[in-house]
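User: Could you walk me through this model and explain the reasoning behind the labels you use? I would like to see each value set against its cut-off.

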Amino acid sequence: MHPLVARAAALVGIAEGDPRLPIATSRRPWCAAFASSLLVALGVLSAPRWNTRKLFVVLAKLGLGIRHDGELRPGDLVGWPRSGPDSGHVEIVERVDGDWLETIGGNVANGVRRRRRARSRVKWAARPMPG
């Protein structure tokens, strides 16, 4: 199993505010802080990022951005915009199933959850570490 997926999978089911989460959640969106805190623990980033779009910009500057409409695989980060000029959501790809992605994300229904997402909704992608 990809190391990023393994770390995320170990936290599935944990709710917002639980001290076992790698970041202190608050009333602000924390999906990017969740994903990036796992990357800090794996030595990819030096500090977590709270903003999804800025997380993808940082990863692109590090040469880790990939085409969102290209091949995706476990351990990739995928994201899409939400309302607001600087808003978005990020999740970790656990499995690719044709036009669908099985993902793990923080701040999904106020916790760490698995979801099945249409690949077509992805607008940003990064491969933060080899699989």
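**Labels and the values behind them**

Analyst: Happy to! This is a predicted model, and a good place to start is Ala 6, which sits in helix α1 (residues 3-9).

User: Why is Ala 6 called partly exposed?

Analyst: Its relative accessibility is 31%. Partly exposed is the class between under 20% for buried and over 50% for exposed, so at 31% Ala 6 counts as partly exposed. The C-alpha atom of Ala 6 is 13 Å from that of Gly 105, with the two positions 99 residues apart along the chain.

User: What makes strands β3 and β4 a pair?

Analyst: The cut-off is at least two bridges between two strands. Strand β3 (residues 100-108) and strand β4 (residues 111-118) have seven bridges, in the antiparallel sense, so they pair by that rule. Gly 105 stands opposite Arg 113 of β4. The two strands form a hairpin with two residues between them.

User: What is notable about phi in the loop between β3 and β4, where Ala 109 lies?

Analyst: Most residues other than glycine have a negative phi. Ala 109 has a positive value near 50 degrees, and Asn 110 has a positive phi of about 60 degrees although it is not a glycine. Asn 110 is also found in the loop between β3 and β4.

User: How do you know that Glu 91 and Arg 117 form a salt bridge?

Analyst: The rule asks for a side-chain nitrogen of Lys or Arg within 4 Å of a carboxyl oxygen of Asp or Glu. The closest N and O atoms of Glu 91 and Arg 117 are 2.6 Å apart, so the pair qualifies under the 4 Å limit. The bridge links distant parts of the chain, with Glu 91 in strand β2 and Arg 117 in strand β4, 26 residues apart. By this rule the count comes to eight salt bridges.

User: Are Glu 91 and Arg 117 buried or exposed, and why?

Analyst: Glu 91 is buried because its relative accessibility is 0%. Arg 117 has a relative accessible area of 13%, so it is buried too. The limit for that label is under 20%.

User: What links Glu 94 to Arg 114?

Analyst: Their side chains meet in a salt bridge, 2.8 Å from N to O. Glu 94 lies in strand β2 and Arg 114 in strand β4, so the pair ties together parts that are 20 residues apart in sequence. The labels differ here: Glu 94 is buried because its relative accessible area is 19%, and Arg 114 is partly exposed because its value is 42%.

User: Which salt bridge does Glu 102 form with a residue of strand β4?

Analyst: Glu 102 bridges to Arg 116, with closest N and O atoms 3.3 Å apart. Glu 102 is in strand β3 and Arg 116 in strand β4, 14 residues apart. At 24%, Glu 102 counts as partly exposed, and so does Arg 116 at 43%. Salt bridges that share partners join Arg 95, Asp 97, Glu 102 and Arg 116 into one network.

User: What lines the largest pocket?

Analyst: The volume of the largest pocket is about 210 Å³. It has 14 lining residues, and the closest to its centre are Pro 29, Trp 50, Thr 52, Ser 87 and Gly 88. Helix α2 (31-41) and strand β2 (88-97) each supply at least two residues of the lining, which divides into five nonpolar, six polar and three charged.

Methods:
Residues numbered from 1 in each chain as written. Predicted model: local features only at pLDDT ≥ 70, side-chain atom pairs only at ≥ 80, totals over all residues. Heavy atoms only, no water. Helix = DSSP H or I, 4+ residues; strand = E, 2+ residues; numbered from the N terminus. Buried < 20%, exposed > 50% of the residue type's maximum accessible area, 1.4 Å probe, protein only. 1 Å grid on protein atoms, 1.4 Å probe; cavity = no way out; pocket = protein on both sides within 12 Å on 5 of 7 lines; lining within 4 Å. Points joined across faces, edges and corners; volume = space filled by probe spheres on them. Nonpolar A, V, L, I, M, F, W, Y, C, P; charged D, E, K, R; others polar.
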